[in-house]
Amino acid sequence: MPDEPYTPTHSPARAIPRPAAGPARAEASGTGTALTPPPPTPEAAPPSSAATGPGTTGPGTTEQGATEQGPTGPGTTGQGDAPGRVWLTRLLVVGLVLAALNLRPAITSLGALLEEVRTGLHMSGGVAGLLTSVPPLCFAVFGIAAPRLARRFGPAAVVCAGMAAIAVGVAVRPFAGGTPGFLAASALALMGIALSNVLMPVIVKRYFPDRVGTMTGLYSMALALGTSLAAAVTVPVTAALGGAWQTGLAVWSVLAVLAVLPWIPVVRDHRTAARPATPAPAPHTAPTTPPAPATPPEARTAPPTRATDAPEVPDAPGNTGTPGTTGTPAPTPASEPRTPAPAPAPAPPAPVPATAGPRITRSRTAWALACFFGLQATGAYITMGWLPQIFRDAGVPAGTAGVLLAVTMVMGVPLAFVIPRVAGRMRQQGPIVVVLGLSGLAGYAGLLTAPASGAWLWAVLLGVSNCAFPLALTMIGMRARTGAGVVRLSAFAQCAGYLLSVPGPILVGALYQHSGGWTAPLALMAGLMVPQMAAGVLAGRDRTVEDGR
């Protein structure tokens, strides 16, 4: 009976009492079932390797059983990887600065020698205007492909390839022979510039998300420095190298070659991190579960119990005994705690496509930013392409005209670092847009009235006005909340903006050729400052394109 001790009938051996610590466990033995005592209770459980064995105090765990951080190496996130991360971050900053230095010399070096290039290639004023409009046209056409290429190869790899394209195009175009070859090689260099233009804000947002204003100011300052450096030294360098304009243009390919070098390890690190890590084999550890208790000799010699000796217990919830016996659920050993079955893992979230969210073309902020970007690009490329010629036609020597262009460009060095930081602290950037626009109006008015006598002042004012470019880049990073949004907004604003700026340099060249002077072109350039200010005020409002506004 369940409440009586079991006594074997074949010998007077001692009875096997039912343990008081818990119900007996039914163990299959031959054709019957033998009762075996349960394992010791937790209080009486002997120390085992689960608590003191190598499985807990060995390598990889602490004495409390928590996982211990193993040694770290390259590609991990532990402290051992900190020096490599710092080194890579510094290399990335150097790469950003060198890349920014190469985004304008291909354009401003041509502006300083435009008259010599026109004479050497027998260009008319209209063709020269077309030549000065090639940069924004290439930026618009090739910039569209930047987001797709960045998703396929990574933004760092695309910028590295862009620097290589600049190096090849700048080195080849002076010796391509004729205007078509010169334009084709220029387009190759401008393709690299276009891709890098679009992806610079993306790289800043991805690698420096908490320092967008600072890093934007740094590479904008480097961009302005490269622009002014090419404008200032192209003429003297050309004279020092023999006076051939071909050499004066090709020498800037050396700077582009230098810009390729820091991006190579960055691309390699990105590809290494993208590879799935191979898990290391688990180290062999001693078993942490004690062996099951042996069956007492008495139970091994006991005869099988017949099914009729005990009433049959019907199956019921919680009853796991064998039908026909008095078996009940066996207690779980102390060393083997029963754990509930793990809940099924939630399904991974569906991947969000790159085009998820509201369409960028439905955002009024995106369109305002594109118009602002396009109008400031119109003024910038007219200035870079035609400002030295304006001063030369006013009687300023060629070398001085190049230096005046350099002054205009060098104004962006300090202001390109200050303006993004100030704009990043403001909820609305409209006041900065208005100040820059008024400076441009004053500079164009001075070129109309006294181009030679006040040349240095007008160059400074136009340099302040051209700092709308780093402001536009800063607003691109601020008008989107996510990295994907910045990619889409940067591509849209720059592509649409550069398309909008294509007619400006061509129209200025045509007006200059047909009017024989600079009154009509300068009036056009001054008039474009008004819609630029209006679009900038709208783009500077505190809202994001993800909101659909």
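This is a short tour of two places where helices pack against each other in a predicted model.

**Stop one: α10 and α20**

Start by selecting residues 212–240, which make up helix α10, and then add residues 468–478, which are helix α20. Their axes come within 10 Å and cross at roughly 150°. Angles over 145 degrees count as roughly antiparallel, so that's the label for α10 and α20. Turn the view until one helix sits in front of the other: the crossing is right-handed.

Now show some side chains. Which residues of α10 meet α20? Pick Thr216, Tyr219, Ser220 and Leu223 on the α10 side. Their partners in α20 are Phe469, Pro470, Leu473 and Thr474. Colour this contact by class and you get five nonpolar residues, three polar ones and no charged ones.

**Stop two: α15 and α21**

Next, select helix α15 (residues 364–393) together with helix α21 (residues 483–501). How do these two lie relative to each other? Their axes come within 7 Å and cross at roughly 45°. That angle is neither under 35 degrees nor in the 65 to 115 range, so α15 and α21 are oblique to each other. The crossing of α15 and α21 is right-handed.

Time for side chains again. On α15, the residues to light up include Trp367, Phe373, Leu375 and Tyr381, along with Ala370 and Gly374. Across from them on α21, look for residues including Leu489, Phe492, Gln494, Gly497 and Tyr498. Sorted by class, the contact of α15 with α21 holds 15 nonpolar and five polar residues, with no charged ones.

How values were computed: Residues are numbered from 1 along each chain as its sequence is written. This is a predicted model: local features need pLDDT of at least 70, side-chain atom pairs count only at pLDDT 80 or more; totals for chains, interfaces and linings use all residues. Side-chain values use heavy atoms; hydrogens and water are left out. Axes are lines fitted to C-alpha atoms, for helices over the stretch in contact, and angles run from 0 to 180 degrees between N-to-C directions. Helices (H or I, at least four residues) and strands (E, at least two) are DSSP runs, numbered from the N terminus. A crossing is left-handed if the near helix is turned anticlockwise from the far one by less than a right angle, and right-handed if clockwise. Contact means heavy atoms within 4.5 Å. Ala, Val, Leu, Ile, Met, Phe, Trp, Tyr, Cys and Pro count as nonpolar, Asp, Glu, Lys and Arg as charged, and the others, Gly among them, as polar.
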